[in-house]
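Biologist: I've got a new model up on screen and I'd like to talk it through with you. Could you take my questions one at a time?

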Amino acid sequence: MSAQIVTITSGKGGVGKTTAIASLGIALAGRGQRVVCIDGDIGLRNLDVIMGLENRIVYDIVDVVEGRCRLRQAMIRDKRLPELFLIPAAQTRDKTALSPSDMMRLCDELRDICDWVLIDSPAGIERGFKNSIAAADQVIVLTNPEISAVRDADRVIGILEAEEKGSPSLILNRVNQEMVNKQEMLSPEDVLDLLAIDLIGVVPEDQAVLVAANRGTPIALDKDSRAGQAFRNIAARLMGEEVPFMDLENQGGLWNRISKMTGRRG
């Protein structure tokens with residue numbers, strides 16, 4: 001067993017990275033994969049809340065690094081899926097408590113005991129970002145179809161390429177097709193033109209996401225949610241399956257248009 005290490009990052013905060021990590025963890029574990037989610041946001045942890053595990057924290061990632069506990073002691077098993085675990089961030093104000101080399105050592109140890117390590121990177125390009133991408137085999141940039149978010153995502157893509165992390169993949173989150181049709185929001189095609197990286201998922205706007213987050217039940221658990229289905233589709237693509245992109249208009253158009261732009265086929 002040798003885990004694939006995937007970091008989800010963005011330039012702008014509030015675009016939905018933590019929700020995406022929780023939902024992809026749920027979706028991959030639901031497919032029989034052993035998954036460890038890591039909250040890389042030292043001082044501002046939130047992944048535990050989104051996953052509904054905040055009351056079960058005893059140790060955190062800094063405790064592991066500083067030797068106060070073993071790695072497995074900091075891994076919190078999910079209540080619903082026994083193959084899903086969380087390593088929470090520390091709430092210390094000291095952002096230097098974790099280094100890129102610390103993250104690489106921790107992930108090297110995890111490679112032997114799971115299939116996937118999903119790292120929730122803090123927004124921006126400071127130390128937490130560098131920690132989160134240090135061990136990554138694959139980086140996914142998540143953005144909303146807003147000009148400011150896309151501009152920040154473009155900056156992050158440039159930094160990742162400069163760090164020789166290769167070309168990242170893209171998740172476009174909170175797409176409102178009605179607003180796209182009214183030209184009040186960038187379309188997926190617009191964003192792909194601007195960022196010029198491979199698209200791995202388009203997630204529609206869905207009010208159920210907020211309700212799920214408040215309840216600590218990641219949206220991928222909701223079989224009736226279109227956003228939940230989108231995250232389950234992304235998990236399948238991560239595992240190498242060819243899954244058509246969700247048609248946000250129910251007219252067969254989105255997948256055909258994106259296929260022409262990216263060269264992908266369903």
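What follows is our chat about this predicted model.

Biologist: Let's start with the annotation. Which of the residues in UniProt's "binding site" feature does the lining of the largest pocket include?

Modeller: The unreviewed UniProt entry puts that feature at Lys12, Gly13, Gly14, Val15, Gly16, Lys17, Thr18 and Thr19. Of these residues, the pocket lining includes Gly13, Gly14, Val15, Gly16, Lys17, Thr18 and Thr19.

Biologist: Is Gly14 buried or exposed?

Modeller: Gly14 sits in the loop between strand S1 (4–9) and helix H1 (17–30). Beyond its neighbours within four places in sequence, Gly14 contacts Asn144 and Arg174. The cut-off for exposed is over 50% relative accessible area. Gly14 comes out at 60%, so it counts as exposed.

Biologist: And Gly16, buried or exposed?

Modeller: Gly16 also has its place in the loop between S1 and H1. Leaving out residues up to four places away in sequence, Gly16 touches Leu142, Asn173 and Arg174. Buried means under 20%. With 11% relative accessibility, Gly16 therefore counts as buried.

Biologist: On to H1. How far apart are its end C-alpha atoms?

Modeller: H1 is mostly covered, with 13 of its 14 residues buried, and just after H1 Gly32 takes a positive phi of about 85°. For the length, 1.5 Å a residue over the 14 residues of H1 should give a span of 20 Å. The model agrees with that, as the end C-alpha atoms are 20 Å apart.

Biologist: Now the sheet. Which strands stand at the edges?

Modeller: It's an open sheet of eight strands with mixed pairing, in the order S3-S4-S2-S5-S1-S6-S7-S8. An edge strand here has a single partner strand, so one side of it is left without a neighbour in the sheet. That picks out S3 (76–77) and S8 (198–204).

Biologist: What is the bridge partner of Ile76 in S4?

Modeller: S3 and strand S4 (residues 84–87) run antiparallel and are joined by two bridges. In S4, the partner of Ile76 is Leu86.

Biologist: Last one: what angle does the direction of helix H11 make with that of S8?

Modeller: S8 has helix H9 (residues 188–195) lying across it, along with strand S6 (138–143) and strand S7 (169–175), and H9 runs at about 145° to S7. Helix H11 (residues 226–238) packs on the sheet too, touching strand S5 (116–120), S6, S7 and S8. Its direction relative to that of S8 is about 160°.

Note on methods. Residues are numbered from 1 along each chain as its sequence is written. This is a predicted model: local features need pLDDT of at least 70, side-chain atom pairs count only at pLDDT 80 or more; totals for chains, interfaces and linings use all residues. Side-chain values use heavy atoms; hydrogens and water are left out. UniProt positions are given in the numbering used here, feature names are shortened, and annotations may be inferred rather than shown by experiment. On a 1 Å grid over the protein atoms alone, a cavity is a set of points where a 1.4 Å probe fits but cannot get out, and a pocket is an open set with protein on both sides within 12 Å along at least five of seven lines; lining residues have an atom within 4 Å of a point. Helices (H or I, at least four residues) and strands (E, at least two) are DSSP runs, numbered from the N terminus. Buried means under 20% relative accessible area, exposed over 50%, partly exposed in between (1.4 Å probe, protein chains only). Contact means heavy atoms within 4.5 Å. The expected span of a helix is 1.5 Å times one less than its number of residues. Two strands pair if DSSP finds at least two bridges between them. Axes are lines fitted to C-alpha atoms, for helices over the stretch in contact, and angles run from 0 to 180 degrees between N-to-C directions.
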